[in-house]
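Let's take a friendly look at the open spaces on the surface of this protein. Where are they, and what lines them?

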Amino acid sequence: MAIEDTIRQFDEIIAQNQALMRAKDHDYGESWHHMRLPSITDQILIKVKRIQRLEELASKGEQSQVAEGREAEYRDIINYCVFAIIKLHEEKAERGE
């Protein structure tokens with residue numbers, strides 16, 4: 001696969017994640033702004049554990065009865081990682097770095 005194809009796919013996924021973030025912001029507000037960095041990290045870990053559980057079920061030939069699926073969990077991880085980086089930048093700015 002050429003790098004141009006990867007960049008195009010990357011851009012598409014980022015655009016989809018931005019749309020998801022806007023939709024969730026509409027429904028839930030910007031609650032992540034009130035979270036401390038360790039809480040965001042906890043959310044990422046929760047998402048990872050959900051993915052592991054979904055993969056475990058899939059390996060047994062079972063399906064989740066509640067979860068939105070692995071892709072939704074991965075998308076949430078991407079957005080939480082962006083929020084964490086924003087928080088890191090805010091902390092640096094507060095320290096004058």
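The largest share of the lining of the second largest pocket comes from helix 3, which gives five residues. Keep in mind as you explore that this is a predicted model. Which elements give two or more residues to the lining of this second largest pocket? They are helix 1 and helix 3. If you want to find the place in the viewer, look for I14, N17, Q18, M21, I78, N79, V82, F83 and I86, the residues that line the second largest pocket. By class, six of them are nonpolar and three are polar, with no charged residue in this lining.

Now turn to the largest pocket, with its volume of about 410 Å³. Its lining has 17 residues, and those closest to the centre are K24, Y28, S31, Y80 and F83. Three elements each give two or more residues here: helix 1 (3-28), helix 2 (37-59) and helix 3 (70-94). Helix 1 provides the largest share of this lining, with five residues. The lining of the largest pocket also includes charged residues, six of them, along with seven nonpolar and four polar ones.

Here are the two pockets side by side:

| Pocket | Volume | Largest share of the lining |
|---|---|---|
| Largest pocket | about 410 Å³ | helix 1, five residues |
| Second largest pocket | about 170 Å³ | helix 3, five residues |

One residue is worth finding twice: F83 is among the residues closest to the centre of the largest pocket, and F83 also lines the second largest pocket.

Note on methods:
Residues numbered from 1 in each chain as written. Predicted model: local features only at pLDDT ≥ 70, side-chain atom pairs only at ≥ 80, totals over all residues. Heavy atoms only, no water. 1 Å grid on protein atoms, 1.4 Å probe; cavity = no way out; pocket = protein on both sides within 12 Å on 5 of 7 lines; lining within 4 Å. Points joined across faces, edges and corners; volume = space filled by probe spheres on them. Helix = DSSP H or I, 4+ residues; strand = E, 2+ residues; numbered from the N terminus. Nonpolar A, V, L, I, M, F, W, Y, C, P; charged D, E, K, R; others polar.
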